2 protein chains.
Amino acid sequence: MAAQATVGSPFVSPPAAFDELRIRLAEVSDVQHASGLLFWDQRTKMPPAGSEGRAEQVATLGRIAHERFVDAAVGRLLEELRPYEDSLPRESFEASLIRVARRDWEKATCVPPSLTAEMRRAGALGFRAWSEARAASDFSPLAPHLERNLELKHRYVACFPPAEETYDILLDDYEPGMKTAEVRAVFDELKRELIPLVRAAGLPEPTPLLELPRDGQERFARRVLDRLGFDERSWRLDETAHPFMSSPGSGDVRLTTRWEPGLNWLFGAIHEFGHGVYEHDIDPALARTPLGGGVSLGLHESQSRTWENLVGRSRPFWRFFYPQLQDAFPEHFGGLSEDDFGRMTNRVEPSLIRVDADEVTYNLHIILRFELEQELIDGRLEIAELPGAWNERFEEYLGIPVTSDREGVLQDMHWGGGAFGYFSTYSLGNVMSVQIWERMLVDLPELDEQFARGEFAPLRAWYGEHLYRHGRKFTPQETLELACGSTLDAGPYVRYLQAKYAAG
Amino acid sequence: MAAQATVGSPFVSPPAAFDELRIRLAEVSDVQHASGLLFWDQRTKMPPAGSEGRAEQVATLGRIAHERFVDAAVGRLLEELRPYEDSLPRESFEASLIRVARRDWEKATCVPPSLTAEMRRAGALGFRAWSEARAASDFSPLAPHLERNLELKHRYVACFPPAEETYDILLDDYEPGMKTAEVRAVFDELKRELIPLVRAAGLPEPTPLLELPRDGQERFARRVLDRLGFDERSWRLDETAHPFMSSPGSGDVRLTTRWEPGLNWLFGAIHEFGHGVYEHDIDPALARTPLGGGVSLGLHESQSRTWENLVGRSRPFWRFFYPQLQDAFPEHFGGLSEDDFGRMTNRVEPSLIRVDADEVTYNLHIILRFELEQELIDGRLEIAELPGAWNERFEEYLGIPVTSDREGVLQDMHWGGGAFGYFSTYSLGNVMSVQIWERMLVDLPELDEQFARGEFAPLRAWYGEHLYRHGRKFTPQETLELACGSTLDAGPYVRYLQAKYAAG
């Protein structure tokens, strides 16, 4: 795979096949972005009666993008372009485009379209069954859909060359190149260190949820986002039920949040900002190519977690913003010191629901899922045994009993929708976030003072230079190394949590 | 083309070719609806920096929809389905689908894709040149783009079998089946009757524009729309710079308006409601087929004009709403009688800008454009002579001088964007609106009393039954006859205007 710049390369300008490949890939990218807009609109703007027609549009655009990409002509172009690729430096735009497109193409063409369609259909039915099962807090109607999803996953896995572990192939869809064994090693270390940390924290007194006025929430969230780098020329913020970030085109980044009691409306918005700034600051030259996106779910999550936790829950951040928060909500914060506020937003508190979990316990929610889904895939656990296994292990890791399936095994949509291998990327993101953060601190020793003055541009510029701009040019592992100089390592994250919470 | 229900038809259920045709057409419809969403979003929600990427997405989806539709396989299916079509009643869903798809396919395949692409490109460049020319009130930079658009239009016309008049072929894109001679006859009658009506009205005293608070505008507009039949399950209302209606899928109707001084924010919203209710009330069985849309621009405009003018500017309408308007804006309307308000919203007042024109003078704006664009197409008028010809004829028809090209020949985007033959559909809509209204009054003699009680459901149901539900099943001419029992006729519209305005 190594390649060097060849002096006197026979290719002065890209061959015609390269232009043709670019055009074909650009069309696929356009259709995918249009699909992204269909998704964003469905969850923020679409009137409910539009949902049936919208489902058809989503299916059609997904099929068209897939068909156009797996076209045999794309394979021929990729083959024809091998000598050209070999004549170029590996990190060049052209070589990267060909390399990454080939990897995507080879993966996509392994799977027969009929199986892809079956999986999509089973996922849609499973998602619907999950919604109903969760509403009724009754696992049984979901069970046959999980069986079906697992059966299809085994057929999917069989499309690829055998891997060391079956789960490797599922993981690769979300964190390309990552091995189950590496994740397991990292998660085992996390588990070993975090369970005692949680136990030591004990159960804090419950505090009543803050009820801040909705208009004030939005005004304050926008003020914070503006400071971080949100700019109406290329960003939006809208309300939705389950927050997400979407970038349905270059220069177009859309955050969502949910106005609600507590402070999650704010930390959620900052979390999505982290996803958004990654997409926004990818080199614009990569637009409309397969290189123009975040490189893996783990690295994406590393950035949402960076901005939410390492920036947004830090003391220097609130040195700047806390007086403004007090001004915005004097009734609620007028009498609360900055220190007490800092403790309030950084409590370790075991709870049942993953998406509401704090920085420390969050990882235990993930490790639980990571272990259970491997056991399911490997046949060591039956679907019927899943709720029991969930409840037992949850109490073991988090120290509190699960009171209902709705707040237990039914809380997440992923498995019903057919996503196995996805969950681990959340904690991988946490781990990577601190690895990169430590490296960044070497270059930006004045960071705390900058935050306290409300200056976040230096931080954003550092991440742009060392991470965001690369898009998908390199593998996730290469990208991580470019950003922090090392491979996946739980050490920095564990030390960070211990320093922050063990004292507490 | 006539067909009868055949007893003992050899086709008990649709042949496989019909199902295949439906699937292909449904995919095209899905892509077109996705394009519709790209358009709506661009004009209401998209951050400005997204515009370059969006233009690529729009071009790609347009190309894909076109390519998939003109595919030779679609032509073969249509050919294969002739005997099936002939075995069915003409008005059946299946026969209509095949008939309309064939007409669309034959038209679309006449034009080489390279010419379509060139026209689209020239239109995009011309649109940009128009924006700049208008901003500078300088016609000259637009002129070469108009030359280019006209040249391409001649190449476009040459793709089709010769017509009686060149302009017929352009008109057919917007009002299928309509002949220039028919329009000319109707417009000549309008011109003969309306110029004296405008002259007799004279120039009223200018009244200062109302400045109503923005929030109050939106609240009142929503209150009116709710009464008319807007319902959040399937409708939206958003703000935009140049209002339009978009229905990017079945059960999904989106109105736009502009909050501004005067009352156009309200009449504009009601106008778009008329477009929206037409789309919304098409038989849902026609969704995802070429039959699931309004049948022509003229008939579409007849409905926006019906709801805006025949409903929204009527006395019985305001009998119900005027007290609510007074409540909403007591400072502005508290001291104004319902009669005075009625006169205020129904004034004949020649003005320079088409989109601000009243019910009577509006048609003269259109007739001017209709005549000029025919002369351009036929070579009787040079592009360079256009501004002069515009100004001269404008004063002749409307009695006021044109003070600048910005408020004259540069006011509309249509010609710069490459649309010739479009304008006439606005006045055709006015004419048809009163033809259908007269027929409706026979069936709904209690209409005034219903309006005065705020009841608009009977009116909507009548239009649904007699017009909306048909979608594109029949030709525009057949559709008009189904709704009002006669062919295009200026008489009812002229009598309506005379009765309403000649009294003065």
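**Two copies and one lysine**

In this predicted model, a rotation of 179 degrees with 0.1 Å of shift along its axis superposes chain B on chain A, with an RMSD of 0.1 Å (least squares on the C-alpha atoms of residues with pLDDT of at least 70 in both). Residues are numbered from 1 along each chain as its sequence is written, and chains are lettered from A in the order in which they are written. Local features need pLDDT of at least 70 and side-chain atom pairs count only at pLDDT 80 or more, whereas totals for chains, interfaces and linings use all residues.

Me: How do you know how the two copies are related?
Reply: The rotation is 179 degrees and the shift along its axis 0.1 Å, and the copies are therefore related as by a two-fold rotation axis. Of the residues of chain B, Ala34(B) comes closest to that axis, with its C-alpha at 3.6 Å.

Me: What makes residues of chain B count as being in contact with chain A?
Reply: Contact requires that the C-beta atoms of two residues, placed from the backbone, lie within 7 Å, and 33 residues of chain B are in contact with 33 residues of chain A. Because 100% of the interface residues of chain B are also interface residues in chain A, the copies meet through the same surface.

Me: Why is Lys179(B) called partly exposed?
Reply: A residue is buried with 20 or more other C-beta atoms within 10 Å of its own, exposed with 12 or fewer, and partly exposed in between, the C-beta atoms being placed from the backbone; Lys179(B) has 16 such neighbours and therefore counts as partly exposed. Leaving aside neighbours within four places in sequence, Lys179(B) is in contact with Glu164(B) and Asp168(B).
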